Amino acid sequence: MDLIKTTQGVCDKVTALRSEGKTIGLVPTMGALHEGHLSLVKQCIADNDVCIVSIFVNPTQFNNKEDLEKYPRNLERDCGYLKSIGVGVIFAPSVDEVYPEPDTRQFDFGQLDKVMEGEHRPGHFNGVAQVVSRLFYIVKPDRAYFGEKDFQQLAIIREMVKQLKLNVNIVPMPIVREASGLALSSRNERLTAAQKDLAVNISRVLAESREWIKGSSVGEVIKKVVTTLDSFAELKVEYYEIVDGYTLQSVSDWKDGDYIVGCIAIFCGEVRLIDNIIYKADSQN
């Protein structure tokens, strides 16, 4: 396994791999790896000759300086995980390596980045697009892997690839959950044991809401989800939106689309968590 910390180093490695006719998969991460990340990595290893995992906490996608400072980091542990499952290359650059000059690009994603995360985290998705496009330009992967837990991010990245005409196949991967149902997240490391038990209610209530749609309007389901979760002392819903899975725009009726998804952001104490649930799945998804 190669641990590479410079852009030139990874470019040289990719050039050598391409000269050998190797296919390359990329799993972009911010580290603090868990089984959710590793599920992406294992699929990448299965699909490609070489799997490259990037570990980089991207400052341009944080609109909260304190959140950036508290984001968990443990490169040595992450490298151990990746080595044990057969990753070929880890790219762990510094900020100066990724951004030798300030990235002033401004992306236009229409309404995709104006709702949900975009509304509550201004500039977040522009930062995501900046770093992911930089990684794609550097690594030039055949495939790149992203988890469906970050549902809106996945839509943004697909749109970015389309706009920039990048020759990379975006591979979505399903949410990985603990046995309790809690969606795996690097931010879970910041939860106390009691908070982690409490956070299980997020996935539980979302799962129960699948039954509520049978006799309730979209608005009624939203209200019940929010009211139920907010009834727990340390849980506070930031938003719960039921949207068209393609446009990410809110739906007002269950007949408004063939692909309908509920997306939530919620604070457990001071830790912000996200999750989602599919109410109606298009046959293509």
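## Exercises on a predicted model

**Exercise 1. Strand pairing.** Work out how strands β5 and β6 are joined, and how the chain gets from β5 to β6.

*Solution.* Start with the pairing: strand β5 (residues 143-147) and strand β6 (residues 169-173) run parallel, with five bridges between them. Keep in mind that this is a predicted model. Next, pick out one pair: tyrosine 145 has valine 171 in β6 as its bridge partner. Finally, follow the chain: after β5 it passes through helix α8 (residues 151-164) before reaching β6, giving a right-handed β-α-β crossover.

**Exercise 2. The nonpolar cores.** Find the largest nonpolar core and decide where it lies relative to domains 1 and 2.

*Solution.* Begin with the core itself, which has 46 residues. Ile52, Phe136, Met160 and Ile170 have the most contacts inside it. Then see which element contributes: helix α7 (residues 124-139) gives the largest share of this core, nine residues. Now bring in the domains: domain 1 (2-173) and domain 2 (186-276) both give residues to the core, so it lies between them.

To zoom in, take isoleucine 52. Leaving out residues up to four places away in sequence, isoleucine 52 touches Val14, Ile24, Gly25, Leu26, Val27, Val89, Phe91 and Val139. As a last step, look beyond this core: another one, of 27 residues, lies apart from it and includes Ala199, Trp212, Ile266 and Tyr279.

**Exercise 3. Two loop residues.** Decide whether leucine 33 and histidine 34 are buried or exposed, and list what each one touches.

*Solution.* First, place leucine 33: this residue sits in the loop between β2 (24-29) and α2 (35-47). The cut-off for buried is under 20% relative accessible area. Leucine 33 has 4% relative accessibility, so it counts as buried. Beyond residues up to four places away in sequence, leucine 33 touches Arg77, Asp78, Tyr81 and Leu82. For a sense of distance, compare positions with tyrosine 137: leucine 33 and tyrosine 137 are 104 residues apart in sequence, and their C-alpha atoms are 24 Å apart in space.

Now turn to histidine 34, also found in the loop between β2 and α2. Its relative accessible area is 17%, so histidine 34 is buried. Again leaving out residues up to four places away in sequence, histidine 34 touches Leu184, Ser185 and Ser186. One of these partners deserves a second look: the side chain of histidine 34 reaches the backbone nitrogen of serine 186 at 3.5 Å.

How values were computed:
Residues numbered from 1 in each chain as written. Predicted model: local features only at pLDDT ≥ 70, side-chain atom pairs only at ≥ 80, totals over all residues. Heavy atoms only, no water. Core = buried A, V, L, I, M, F, W, Y, C linked by side-chain atoms within 4.5 Å. Buried < 20%, exposed > 50% of the residue type's maximum accessible area, 1.4 Å probe, protein only. Helix = DSSP H or I, 4+ residues; strand = E, 2+ residues; numbered from the N terminus. Domains from an automatic or database assignment. Contact = heavy atoms within 4.5 Å. Pairing = 2+ DSSP bridges. Right-handed = clockwise from strand over helix to strand, strands pointing away. Polar contact = N/O pair within 3.5 Å; in protein donor to acceptor, adjacent residues only side chain to side chain.
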